[in-house]
Amino acid sequence: DLEEALKLDPEDSSVLLYRALYYRSSNPPTAMNDLATAVEMNPKNYAAQLARGKLLESIKDSPGALKAFSAAMPAGGAVGLEAKLRAGELTLKLAGGKEAEVEKAWKILREAARVH
């Protein structure tokens, strides 16, 4: 039980991540709060950063989502790859035709392709 786990260790950002994933559809504000707390407790909880980005993207907060995806990019494995792909895609979407931003997006996407 996630509530019991939080009582046992309220400083465990992973438990907050799992609870946020549980609540993301049924109670997005609770999920967002849990994810914000999880990344505040542990900024290197890259899975929480990625989940936060996805939730922010789902509520059309593209700048917030981009920030969260960018924070998750140092992660290895699937989390890092997804964070890079989503950050690159959002950077491209938000570029508005600005050449420097488009190049930044392609750089992120090339890095994702190269590393993984």
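The legends below describe close-up views of a predicted model. Local features are given where pLDDT is at least 70 and side-chain atom pairs count only at pLDDT 80 or more, while totals for chains, interfaces and linings use all residues. Residues are numbered from 1 along each chain as its sequence is written, and side-chain values use heavy atoms, with hydrogens and water left out.

**View 1. Ala 71 in helix H5 and its contacts with Tyr 46 and Gln 49**. Ala 71 belongs to helix H5, which covers residues 62–72; helices here are DSSP runs of H or I with at least four residues, numbered from the N terminus. With a relative accessible area of 28%, Ala 71 is partly exposed, a class that lies between buried (under 20% relative accessible area) and exposed (over 50%), as computed with a 1.4 Å probe on protein chains only. When neighbours within four places in sequence are set aside, Ala 71 is in contact with Tyr 46 and Gln 49, where contact means heavy atoms within 4.5 Å. Gln 49 is 22 residues from Ala 71 along the chain, and the C-alpha atoms of these two residues are separated by 6.4 Å.

**View 2. The salt bridge between Lys 54 and Glu 82**. A salt bridge is a side-chain nitrogen of Lys or Arg within 4 Å of a carboxyl oxygen of Asp or Glu, and by this rule the count comes to six. In the pair shown, the N to O distance between the side chains of Lys 54 and Glu 82 is 3.1 Å. Lys 54 lies in helix H4 (residues 46–58) and Glu 82 in helix H6 (residues 77–94), so the pair ties together parts that are 28 residues apart in sequence. Lys 54 is partly exposed at 34% relative accessibility, and Glu 82 is also partly exposed, at 25%.

**View 3. The salt bridge between Glu 57 and Arg 86**. The closest N and O atoms of Glu 57 and Arg 86 are 2.7 Å apart. This pair links distant parts of the chain, with Glu 57 in helix H4 and Arg 86 in helix H6, 29 residues apart. Glu 57 has a relative accessible area of 22% and is partly exposed, as is Arg 86 with 24%.

**View 4. The salt bridge between Arg 110 and Glu 103, and a network elsewhere**. The side chains of Arg 110 and Glu 103 meet at 2.7 Å, N to O. Salt bridges that share partners join Lys 54, Glu 57, Glu 82 and Arg 86 into one network.

Key:
Helices (H or I, at least four residues) and strands (E, at least two) are DSSP runs, numbered from the N terminus.
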